[in-house]
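Reader: I should like to learn how to read a model of this kind, one feature at a time. Where would you have us begin?

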Amino acid sequence: MGSRTLQGLLLLFLPFLPLRGASAGSLHSPGLSECFQVNGADYRGHQNHTGPRGAGRPCLFWDKTQQHSYSSASDPQGRWGLGAHNFCRNPDGDVQPWCYVAESEEGIYWRYCDIPTCHMPGYLGCFVDSGAPPALSGPSGTSTKLTVQVCLRFCRMKGYQLAGVEAGYACFCGSESDLARGRLAPATDCDQICFGHPGQLCGGDGRLGIYEVSVGSCQGNWTAPQGVIYSPDFPDEYGPDRNCSWVLGPTGASVELTFRLFELADPHDRLELRDAASGSLLRTFDGSRPPPPGPLRLRAAALLLTFSSDARGHAQGFALTYRGLQDAVEDRTPPKGSAQTPAEPPAGANLSCSPRPGAPQAAMGARVFSTVTAVSVLLLLLLSLLRLLRRRSCLLAPGKGPPALGPSRGAGRSWAVWYRRPRGVALPCPPGDPQAEGPAAGYRPLSASSQSSLRSLISAL
């Protein structure tokens, strides 16, 4: 089924879709999160101590760590967020932000930072799993290729709300009622790398990292006042030939979107934003046309988001936050490459053509430009006319010209001239000059005064 057909069906059945309200997960409190990647590689906050809630050792400044692998000198473009500060960062794609510390007697010179606000929305936290009873009471499984999205997809297909990853290879499913009896553990306890992805966390030894199964889903109907939408298969890369859609219907007259991550493979992978009521296209973004930085406000009570990828599509995807606004203010910035039509004046406005302040100076500049242009064109015409007359009327044969038109061997002779008109007249060399006999044949000689004038003219040239 084509993507446009799918859009039509969604618009047709929009009033009948089940509404999805806010759940206990952090997907609906994105304002509390500073990270939208599983490993916190995008953290740009200000925590500068290690350990739980920054209660550990102080971090070293990144511009003072040249003896280590990572310092501000190794990040001149600021891509990793390093600089003249000592805030926790994750420059090497580790499982979570960390920093260098003063080396201890045990030889430890770096530690993880436990940052409560640096867990991607939809991640509910690290929980103790004693096994009796299990932290999540639903079905479970193991895989040597486990990633966060593999577990989310498994529990989503089973019809559960939550998915938990443990020890790098185990997956458990459960419901929100399981969280009521769950016990939180320090975030640093869930530090096991997923067997199927070296950049993702999959719980720990006896510790469950629990997520909402809606993370990375391919469709949904969102009615919470605010929330987060991820690209399909997030935090894994989205796959090829994906066609997904989401309906955003928060309370309000308009919707504000903020893209936290956006990485599409090419121009054939695109995200479209439409008015869910009318189906009109509001914005289109793809691999070559990313969304603008900062909030994007669209005047629509509900939005329909559709994402499609081609047969080669593989990239991180996107993460965006949304919230409903009570006012109907719209971001009217025209899309890149589009023309903006001037607004029509209001009725009754003064439409007189009287000059604005500064108009005399502008008019004087325009007149000077026109005058200079006209003079330049006139000079070019005169030069062209002179060249034309010389080419069609006079032939000057200098001393190093072609042999037939060269000078005679007589003393004091350095040139010969023939002047031609339609009736044909010529100024030959003196009689007896063999070089002039050929060209002079058939031409009438000029008068003595004409010859003198021509000689004076040629001498001046």
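Author: Let us begin with a helix and its covered residues, bearing in mind that this is a predicted model. In helix H2, the residues Val148, Gln149, Cys151, Leu152 and Cys155 are buried. They lie on the same side of H2, because the arc they cover around the axis is only 155°.

Reader: Against which strands do the buried residues of H2 pack?

Author: Their partners are strand E6 (162–166), strand E7 (170–174), strand E8 (193–194), strand E9 (197–201) and strand E10 (207–212). H2 itself lies across E5, E6, E7 and E10, and runs at about 35° to E7. At the end of the helix, H2 is followed by glycine 159, which has a positive phi near 85°.

Reader: Is valine 148 in H2 buried or exposed, and by what criterion?

Author: One compares the relative accessible area with a cut-off: a residue under 20% is called buried. Valine 148 counts as buried because its relative accessibility is 1%. This residue belongs to helix H2, which spans residues 148–158. Apart from its neighbours within four places in sequence, valine 148 is in contact with Cys194, Gln200, Leu201, Cys202, Tyr211 and Pro235. Cysteine 194 is 46 residues away from valine 148 along the chain, yet their C-alpha atoms are separated by 7.7 Å.

Reader: In what order do the strands of the antiparallel open sheet run?

Author: The order of a sheet is read across the strands, from one edge to the other. Here 5 strands form an open sheet, E4-E10-E6-E7-E5, with antiparallel pairing. Its edges are strand E4 (123–128) and strand E5 (140–142), each of which pairs on one side only. From one strand to the next, the twist averages 25°. Within this sheet, E6 and E7 pair in the antiparallel sense over 5 bridges, and glutamate 166 has alanine 170 in E7 as its bridge partner.

Reader: Which open sheet has mixed pairing?

Author: The open sheet with mixed pairing has 5 strands in the order E11-E13-E18-E15-E16. Strand E11 (219–222) and strand E16 (281–286) are the edge strands, each pairing on one side only. Direction ignored, neighbouring strands of this sheet are turned by 15° against each other on average. Although the sheet is mixed, strand E13 (residues 243–248) and strand E18 (residues 303–308) pair in the antiparallel sense, over 6 bridges. Serine 245 stands opposite threonine 306 in E18.

Reader: What surrounds leucine 303, and why does this residue count as buried?

Author: Again one reads the accessible area and then the contacts. Leucine 303 is buried because its relative accessible area is 0%. The residue has its place in strand E18. Not counting residues up to four places away in sequence, leucine 303 touches Trp246, Val247, Leu248, Val255, Leu257, Arg274, Ala276, Leu282 and Leu298. As for arginine 274, it is 29 residues from leucine 303 in sequence and 5.7 Å away in space, C-alpha to C-alpha.

Reader: How many residues of strand E19 are buried, and which strands pair with E19?

Author: A strand may be read through its cover and then through its partners. Strand E19 (residues 317–325) is mostly covered, with 8 of its 9 residues buried. Strand E12 (residues 226–230) pairs with E19 in the antiparallel sense over 5 bridges, and the bridge partner of glutamine 226 in E19 is arginine 323. Strand E14 (residues 254–263) pairs with E19 in the antiparallel sense over 9 bridges. There, serine 254 stands opposite leucine 325 in E19.

Reader: Where is histidine 85 placed, and which residues does it touch?

Author: A loop residue can be read in the manner used for helices and strands. Histidine 85 sits in the loop between strand E1 (51–52) and strand E2 (98–100). With 14% relative accessibility, histidine 85 counts as buried. Leaving out residues up to four places away in sequence, histidine 85 touches Leu60, Phe61 and Trp62. A polar atom of the histidine 85 side chain lies 3.1 Å from the backbone nitrogen of phenylalanine 87.

Reader: How many helices and strands does the protein chain have, and what percentage of its residues count as buried?

Author: The secondary structure of the protein chain comes to 6 helices and 23 strands. Of its 461 residues, 41% count as buried. Among contacts with a separation of 6 or more, 69% are between residues 24 or more positions apart. The accessible surface of the protein chain is about 25600 Å², and 57% of that surface belongs to carbon and sulfur atoms.

Note on methods
Residues are numbered from 1 along each chain as its sequence is written. This is a predicted model: local features need pLDDT of at least 70, side-chain atom pairs count only at pLDDT 80 or more; totals for chains, interfaces and linings use all residues. Side-chain values use heavy atoms; hydrogens and water are left out. Helices (H or I, at least four residues) and strands (E, at least two) are DSSP runs, numbered from the N terminus. Buried means under 20% relative accessible area, exposed over 50%, partly exposed in between (1.4 Å probe, protein chains only). Contact means heavy atoms within 4.5 Å. Accessible areas come from the Shrake-Rupley method with a 1.4 Å probe; for residues, only the protein chains shown count as cover. Two strands pair if DSSP finds at least two bridges between them. Axes are lines fitted to C-alpha atoms, for helices over the stretch in contact, and angles run from 0 to 180 degrees between N-to-C directions. A polar contact is a pair of N or O atoms within 3.5 Å; within protein, one must be able to donate a hydrogen and the other to accept it, and residues adjacent in sequence count only if both atoms are side-chain atoms. The arc is that of the directions from the helix axis to the C-beta atoms.
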